[in-house]
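This report describes a structure from the level of single residues up to the level of chains. The sequence and the coordinates are shown first.

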Amino acid sequence: MSAGAKLVTRATRASRAAAVAGAIALVAGAALPWWAGSASMRLLIEFYCFVIMAQMWNLLAGYGGLVSIGQQGFLGLGGYALFALANHAGLNPFLCVPLAGLLAALVAWPSAKIVFRLRGGYFAIGTWALAEVFRLILANVSALGGGSGQSLRAMASIAKSTREPAAYLIAFAALVCALAAVYLLLRSRFGLALTAIRDSERASESQGIDTEFTKFWVYVVSAAGFGVVGAIYYMNILRISPNAAFDVSWTAYVIFIVVIGGIGTIEGPIVGTLLFFVLRETLSSYGSWYLIALGAIAVVTMLWFPAGLWGALSARFDLHLFPVRRWLRQVP
Amino acid sequence: MVGWIDTVIQGVLLGGLYALFAMGLSLVYGVMRLVNIAHGDFILLAAYVALVFQGAGLDVAAATPLVVAVMFLGGYVLQRGILNRTLGKGLLPPLLVTFGLSVVIQNVLLQIFSADSQALRAEALTTASLRLGDAIAIGWLPLGVFLVALALGFGLQWLFARTGFGRALRATSDDQETAQLMGIDHRHMYALATALAFALMALAGVFAGMRTSFTPTDGPANLLFAFEAVVIGGLGSFWGTFAGATLLGIAQSIGFRLNPGWGLLVGHLAFLAVLVLRPEGLFPRTR
């Protein structure tokens, strides 16, 4: 190779270090039930749920340009799938988690056909209206407890010593799958198409990218992620009701996490979730002031620091932990 | 049978309120392609502002012009100070900023007024009704709201079609740069458009607060009704929006009559049905 040749690289020094750290975290995370108490397991399950949701929403809005305010619809459906299948069909609750994701994806299929008729801002409100439809339908199903909801009776027969580690490991597995899926997806041809759509939908269309097809699949994958989270979260809580499961606050938190952390990156949602939990654990006693502050921080971030916390860090230090880009480097 | 006629009439009148909700949304979208996710929360905020004036001893009739003035100014400042910054930077900034505002408003209201439900007192106006035969009674308040919405609809049409201000707004919306060359300050025009929308929302909020009681978390429902009216009627078509609002009102009131738990659901389903069968809306603007 002659001097001055260019080489396409995909890894950086930071990303190799991150891969090592990730491998250590993988082992530590998987072994956690053997050394951590049940309170920390419960908190971590919730943390993993938010990381998964933030990744899924980021995939939609940060890459696909689909700003949805209705992802709580799929979270609620996933949660209700768990209760319906475990309580009423007698299935093993743990087995219901992937089924909940599948069901959410199946519902997302026709839903996409409807809400994709709306564009931009009206798409956002349309997804919200759809989530309200799901909520109102389930509030009218008396077999599932109607408006007051029901408890996960199927869990009563499983001993606590089995239940807690199993729920934790399922949540951890879902997290690893979600992160791996998003990472591999963004590194693939599909991800290249998606990144192109993020930067300019019209230009990517002119390059032959089937934007409708790409967006449709992003929507379905994201719905599946929220469905899985719904099942995991409500397996942890053991009680579901339509108003809680289909609450728009779910999507609100996730939007704040992604915006503050850094939209359009894989690292941003993780950083955002960490910050969200730190703020929540320290400020939650202030009640609605905490939410006012969170909303205000998100507004300020969007107006003056649109790249978010991670965007600022990665621009300052050229830091990329999940390298999904291609760099052209000079060969020495 | 008479009962059903009554249901439809009540639905049409409810539609008048939804038309008022929808006008502001449609106006802001039409002029600057901005979708204000906090639209419903600002409508609700107007009701709370009216509540504060009532607490200070004013009756509704005296408080309403003040609420409209406060919201007009608030809308101008909001657009000039914050929302103008989000325009022209793609899809995300306006949506996420207004969504953040929505959460902030809800929680500020919760902090100040608690989660208890409130209502605006309007003495005899809320109960007085016009009797048509034995079974049908039309409340003066819903009828008045409907007529005000209709009149404002005509007023807006006239404003946009016939006045210099309307022309300037349309010009800014069609081609901002050329309008600027003609000496129109687009930031000022956008702020005026939002201020006008907020004045309409102020009236909508006061009327809604007189019709039913409200809590700090009712804003998003207002947004959804406004949005559904716009989509059912067809984007960009003023009378379409009015018809869409009326249909939404009728669907909801039929739903409530069938089963108290179904009212909102039937309204949403009517919206989805239109979206599936006629995505351009029932009365799209033809030009």
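## A residue of the nonpolar core in chain A

Leaving aside neighbours within four places in sequence, A104(A) is in contact with seven named residues: F74(A), L77(A), G78(A), A223(A), A224(A), F226(A) and G227(A). As with every feature reported here, these contacts come from a predicted model.

A104(A) also belongs to the largest nonpolar core, which contains 199 residues. It is among the members that touch the most other members, together with A171(A) and I232(A) of chain A and Y18(B), A46(B), A193(B) and A229(B) of chain B. The greatest contribution to this core is made by helix 8 of chain B (residues 186–211), with 18 residues. Because domain 1 (38–247) and domain 2 (248–316) of chain A both give residues to the core, it lies between them.

## The two domains of chain A

The domain assignment divides chain A into domain 1, residues 38–247, and domain 2, residues 248–316. Taken over C-alpha atoms, the centres of these two domains of chain A are separated by 20 Å. Contact between them involves 22 residues of domain 1 and 18 residues of domain 2.

On the domain 1 side of this contact, helix 2 (38–63), helix 3 (72–88) and helix 6 (160–187) of chain A each supply at least two residues. Helix 2 of chain A gives the most, with 11 residues. By residue class, this side of domain 1 comprises 14 nonpolar, six polar and two charged residues.

## The contact between chains A and B

Chain A and chain B each place 35 residues in their mutual contact. On the chain A side, at least two residues are supplied by each of helix 5 (120–139), helix 11 (249–261) and helix 13 (288–304). The largest share, 12 residues, comes from helix 5 of chain A. The side of chain A that touches chain B is made up of 27 nonpolar, six polar and two charged residues.

## A buried glycine in chain B

G249(B) is located in helix 10 of chain B, which spans residues 238–258. Is G249(B) buried or exposed? Since 26 other C-beta atoms lie within 10 Å, G249(B) is buried; the cut-off for a buried residue is 20 or more.

Not counting residues up to four places away in sequence, G249(B) touches G11(B), V12(B), L14(B), G15(B) and Y18(B). One of these, Y18(B), is also among the core residues that touch the most other members. Between the C-alpha atoms of G249(B) and L150(B), which are 99 residues apart along the chain, the separation is 15 Å.

Notes. Residues numbered from 1 in each chain as written. Chains lettered and ligands numbered in written order. Predicted model: local features only at pLDDT ≥ 70, side-chain atom pairs only at ≥ 80, totals over all residues. Helix = DSSP H or I, 4+ residues; strand = E, 2+ residues; numbered from the N terminus. Buried ≥ 20, exposed ≤ 12 C-beta atoms within 10 Å, placed from the backbone. Contact = placed C-beta atoms within 7 Å. Nonpolar A, V, L, I, M, F, W, Y, C, P; charged D, E, K, R; others polar. Domains from an automatic or database assignment. Core = buried A, V, L, I, M, F, W, Y, C linked by C-beta atoms within 7 Å.
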